[in-house]
Amino acid sequence: MTILLTRHDKIGDFMTALPMAKVLKEQTKHKIVFLVSKVNVELAKKMNFIDDVIEYSDDSFTLISRINKVKPDVSISGYIDFHLGLCLFLAKIPIRIAPATKIAQIFFNNKIKQRRSLVEKTECEYNLDLLLGFDENLHLKFKTPLVNLDLKKENFVIFHVGFGGSSDGNLMLDEYLILAEEASNKSEIIFTFGPDDLEIKQQLKSKLNDLSFNILIRDDFKSLWDFALFIGTAKLFVSTSTGPMHLAGLTNTNTISFFGNNLFASSKRWATISDKSCQNNFEIPSNYGDEFLETVKERMMEIL
């Protein structure tokens, strides 16, 4: 049997769906195919519990053709929209499982009521629950880290101040620099940037001459996988709730993560997939001050 998993949105969203593939691969003998957005294709191919990867396309004919090549018996979708639902329907997949949400649910013949807006579980747990629509005897537990890379930890801290437009709670650059200055007493400091972080990277560069400590800037990663491997060697990864935060979770790297001060954007929904002991999650108050920053600083130095 071939099972098609789909999660065709952003990096962090895809990462929350990876345990679905791991659970299915470890507990069944089925072929696991994952349909993902272009940015996540290479990352998905690196997972040893995924047998094949399909790149999502906005063109219906192209997407249906790609789906038909793998001949899925079942599809399980963690996130749906009208275009995806229509293409899965036209591909004539016999069993199509998805959350009972949005008008797109009309294209699925096994709809699971979840009410994710209540945030009674993490996004990962909501995704895993969909598997019970396929086989109610599956055990939804998995071991972390998701991938065992045996990476050697080095004495440096990564600060990732950008967020690619996908965060509801973040510190200001100057506040990251306050934390970085404190951390520089214990570790090397590295600021990383993605392709969507050009503006804030320039802001940091304009401040370098005024700093009393050294910063290394890294924005030269060849791929998400290359970035994930680098993060996996860090002592600590500090960022807002964004894709790279979830890359840190992939390798069980210690994280200090900032979340929006509302239930939907909180760590209750978007926590990383890593050991709880590695997670240090902070919801940013709407009018936070020095006291909040001091609390974060204290926890950071305890880790270091």
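How closely do the axes of helix α1 and helix α9 come, and at what angle do they cross? In this predicted model, the axes of α1 (residues 11–27) and α9 (residues 243–250) come within 7 Å and cross at roughly 30 degrees. Let's start from that pair and then walk through the two sheets, a buried helix and a few backbone details.

## The α1 and α9 pair

Two packed helices are described by the angle between their axes and the distance between the axes. Angles under 35 degrees count as roughly parallel, and α1 and α9 are therefore roughly parallel to each other. The crossing of α1 past α9 is left-handed.

Which residues of the two helices meet? From α1 come Ile-11, Gly-12, Met-15, Thr-16 and Leu-18, while α9 brings Gly-243, His-246, Leu-247 and Leu-250. Sorted by class, this contact holds five nonpolar and four polar residues, with no charged ones.

## The sheet from β1 to β6

Turn now to an open sheet of six strands, in the order β3-β2-β1-β4-β5-β6, with parallel pairing. Its edges are β3 (52–55) and β6, each of which pairs on one side only. From neighbour to neighbour, the strands of this sheet are turned by 20 degrees on average, direction ignored. For a closer look, try β2 (residues 31–36) and β3: they run parallel and are joined by four bridges. Phe-34 stands opposite Val-53 of β3 here.

Two helices lie across strands of this sheet. Helix α1, which you have already met beside α9, lies across β1 (2–7), β2 and β4 (74–77), and runs at about 170 degrees to β2. Helix α3 (residues 60–70) lies across β1, β2 and β3, and its angle to β3 is about 165 degrees. Angles over 145 degrees count as roughly antiparallel, so α1 is roughly antiparallel to β2 and α3 to β3.

## The sheet from β7 to β12

Another open sheet of six strands follows the order β9-β8-β7-β10-β11-β12, again with parallel pairing. At its edges stand β9 (216–218) and β12 (279–283); each has a single partner strand, so one side of each is left without a neighbour in the sheet. The twist from one strand to the next averages 20 degrees.

Within this sheet, β10 (residues 236–240) and β11 (residues 255–259) run parallel and share four bridges. Val-238 is placed opposite Ile-256 of β11. Helix α11 (residues 290–303) lies across β7, β10, β11 and β12, and runs at about 175 degrees to β12.

## An enclosed helix

Why is helix α8 (residues 224–231) described as largely enclosed by the rest of the structure? Six of its eight residues are buried, which means that the helix is largely surrounded by the rest of the structure. The buried residues of α8 are Leu-224, Trp-225, Phe-227, Ala-228, Phe-230 and Ile-231.

## Backbone details in the loops

A few loop residues deserve a look as you browse the model. Lys-92 has a positive phi, near 60 degrees, although it is not a glycine. Lys-92 belongs to the loop between α4 (82–90) and β5 (95–99), and counts as exposed at 71% relative accessibility. Arg-115, also not a glycine, has a positive phi near 55 degrees. Arg-115 sits in the loop between β6 (110–112) and α5, and with 61% relative accessibility it counts as exposed.

Finally, where is the cis peptide bond? The bond from Thr-144 to Pro-145 is cis, with omega near 0 degrees. Pro-145 has its place in the loop between α5 (123–129) and β7 (156–160).

Terms used:
Residues numbered from 1 in each chain as written. Predicted model: local features only at pLDDT ≥ 70, side-chain atom pairs only at ≥ 80, totals over all residues. Heavy atoms only, no water. Buried < 20%, exposed > 50% of the residue type's maximum accessible area, 1.4 Å probe, protein only. Axes fitted to C-alpha atoms, helices over the stretch in contact; angles between N-to-C directions. Parallel < 35°, antiparallel > 145°, perpendicular 65-115°, else oblique. Left-handed = near helix turned anticlockwise from the far one by under 90°. Contact = heavy atoms within 4.5 Å. Nonpolar A, V, L, I, M, F, W, Y, C, P; charged D, E, K, R; others polar. Pairing = 2+ DSSP bridges.
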